[in-house]
Amino acid sequence: MGPQATAARIPKDARLYITIDIDAFCPSIAPGTGTPSHGGFLYYEVLELMQNVAQNHQIVGIDLVEVAPAYDPTDSTSILAAQVLLNTLGFIFHARK
């Protein structure tokens with residue numbers, strides 16, 4: 001379906017609380033989780049979705065769950081989680097200008 005079509009399914013007047021589950025990312029970039037999803041989302045797919053959602057909806061809150069650092073000796077999952085959250089916050093604040 002893609003990020004644009006996914007975002008288009010959200011009602012226009014919806015106020016959103018976003019929960020991002022790290023399990024949904026491809027384990028090649030997010031191995032540090034209890035339930036990896038092979039064939040999951042890639043970083044730029046999620047960023048494009050978050051940017052579109054932030055531009056077109058009021059975001060009232062956000063969280064990110066299921067990061068398990070003990071399963072990722074490289075810390076790449078924790079870094080990915082931080083990057084996704086920081087970029088999403090940037091999209092939200094930029095949209096509020």
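Begin by selecting helix α3, residues 76-95, of this predicted model, and within the helix pick out Leu86. At 62% relative accessibility, Leu86 counts as exposed, because the cut-off for that word is over 50%. Add Leu89 and Phe93 to the selection, and you have the residues that, with Leu86, make a nonpolar surface patch of about 320 Å².

Next, select strand β1, residues 15-21, and show its side chains, which alternate along the strand. Leu16, Ile18 and Ile20 point to one face and are buried, whereas Arg15, Tyr17, Thr19 and Asp21 point to the other face and are not buried.

Keep β1 on screen and add strand β2, residues 58-65, which pairs with β1 in the parallel sense over seven bridges. To follow one of these contacts, select Asp21 together with Val65, its bridge partner in β2. Between the two strands the chain passes through helix α2, residues 43-56, and this β-α-β crossover from β1 to β2 is right-handed.

Finally, turn to the aromatic rings, where a search of the whole structure finds one pair. Select Tyr43 and Tyr44: the ring centres are 5.0 Å apart and the planes stand at 70 degrees, so the pair is edge-to-face, the cut-off for that class being over 60 degrees. With both residues still selected, compare how far each is covered: Tyr43, at 15% relative accessibility, counts as buried, while Tyr44, at 65%, counts as exposed.

Note on methods: Residues are numbered from 1 along each chain as its sequence is written. This is a predicted model: local features need pLDDT of at least 70, side-chain atom pairs count only at pLDDT 80 or more; totals for chains, interfaces and linings use all residues. Side-chain values use heavy atoms; hydrogens and water are left out. Buried means under 20% relative accessible area, exposed over 50%, partly exposed in between (1.4 Å probe, protein chains only). Helices (H or I, at least four residues) and strands (E, at least two) are DSSP runs, numbered from the N terminus. Two strands pair if DSSP finds at least two bridges between them. A crossover is right-handed if, with the strands pointing away from the viewer, the path from the first strand over the helix to the second runs clockwise. Rings of Phe, Tyr and Trp (its six-membered ring) pair if their centres lie within 6.5 Å; planes under 30 degrees apart count as stacked, over 60 as edge-to-face and the rest as tilted. Patches are made of residues with over 30% relative accessible area and no salt bridge: like charges are joined within 9 Å, nonpolar side chains (Val, Leu, Ile, Met, Phe, Trp, Tyr) within 5 Å. Accessible areas come from the Shrake-Rupley method with a 1.4 Å probe; for residues, only the protein chains shown count as cover. A salt bridge is a side-chain nitrogen of Lys or Arg within 4 Å of a carboxyl oxygen of Asp or Glu.
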